[in-house]
Amino acid sequence: MFLNFKNLNFYCHDLTQDIENLLNQLPKNPENPTKNNSIIIDKATIDAIIRQKNGGHLAKKVFNEMIMKLKPKAFINISDEGPEVRAEFFAEMMPKDVEWNLVYEDISDKEDYKQNHAEYFAYKITFEFEN
């Protein structure tokens with residue numbers, strides 16, 4: 001069953017390109033320009049970026065622009081990288097003037113793990129931005 005949610009929009013954008021294009025697509029709210037940007041969901045985008053040549057530099061640029069310009073309340077990341085790697089990555093990538101909290105959960109499918117040794121994790125970062 002498809003549910004029709006009012007005031008809920010999804011935007012798809014190539015984050016390796018100019019993020020200003022995405023910002024121009026978002027609804028304008030003069031009282032609080034980032035009010036509508038509550039959650040960013042990333043399913044392996046950061047994984048794909050960081051695994052390229054010079055990927056660490058590009059990932060940091062994309063992550064910083066995304067977080068500092070969109071100012072979401074939360075960022076949800078689905079990755080095959082374990083917390084021993086991904087938590088350090090987030091700590092290195094995070095803009096220094098942003099308060100944040102990270103929680104994660106192993107969301108691996110037991111059958112998939114048995115057959116392919118594939119592990120998947122969901123990371124949720126919440127943010128506190130100064131006005």
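A residue counts as buried when its relative accessible area is under 20%. The structure described here is a predicted model. In this model, glutamate 81 has a relative accessible area of 17%, so it is buried. Its salt-bridge partner is arginine 86. The closest N and O atoms of glutamate 81 and arginine 86 are 2.5 Å apart. Arginine 86 is also buried, at 0% relative accessibility.

This pair belongs to a wider charged network. Salt bridges link Asp47, Arg51, Asp80, Glu81 and Arg86. Within this network, arginine 51 bridges to aspartate 80. Their closest N and O atoms lie 2.7 Å apart. Arginine 51 sits in the loop between α2 and α3. Aspartate 80 sits in the loop between β2 (74-79) and α4. The contact therefore ties together parts that are 29 residues apart in sequence. Aspartate 80 is partly exposed, with a relative accessibility of 38%.

A further salt bridge lies within a helix. Side chains can pair in this way when they carry opposite charge and their charged atoms come close. Lysine 61 and glutamate 65 form a salt bridge with an N to O distance of 3.4 Å. Both residues belong to helix α3. They are four residues apart, about one turn of the helix. Lysine 61 has a relative accessible area of 40% and is partly exposed. Glutamate 65 is partly exposed as well, at 22%. The cut-off for buried is under 20%, so glutamate 65 does not meet it. The count for the model comes to five salt bridges.

The nonpolar residues were examined next. The largest nonpolar core comprises 20 residues. Those with the most contacts inside this core are Phe63, Met66, Phe75, Phe89, Phe90, Ile125 and Phe127. Four elements give two or more residues to the core: α2 (45-50), α3 (55-70), α4 (83-93) and β4 (121-128). Helix α3 gives the most, with six residues. Helix α3 thus contributes to the core and also holds the bridge between lysine 61 and glutamate 65.

Phenylalanine 63 illustrates the packing. Residues up to four places away in sequence are not counted here. Beyond them, phenylalanine 63 touches Ile46, Phe75, Phe90, Met93, Met94 and Ile125. Among these partners, Phe75, Phe90 and Ile125 are also listed with the most contacts inside the core.

Notes. Residues are numbered from 1 along each chain as its sequence is written. This is a predicted model: local features need pLDDT of at least 70, side-chain atom pairs count only at pLDDT 80 or more; totals for chains, interfaces and linings use all residues. Side-chain values use heavy atoms; hydrogens and water are left out. A nonpolar core is a set of buried Ala, Val, Leu, Ile, Met, Phe, Trp, Tyr and Cys residues joined through side-chain atoms within 4.5 Å. Buried means under 20% relative accessible area, exposed over 50%, partly exposed in between (1.4 Å probe, protein chains only). Contact means heavy atoms within 4.5 Å. A salt bridge is a side-chain nitrogen of Lys or Arg within 4 Å of a carboxyl oxygen of Asp or Glu.
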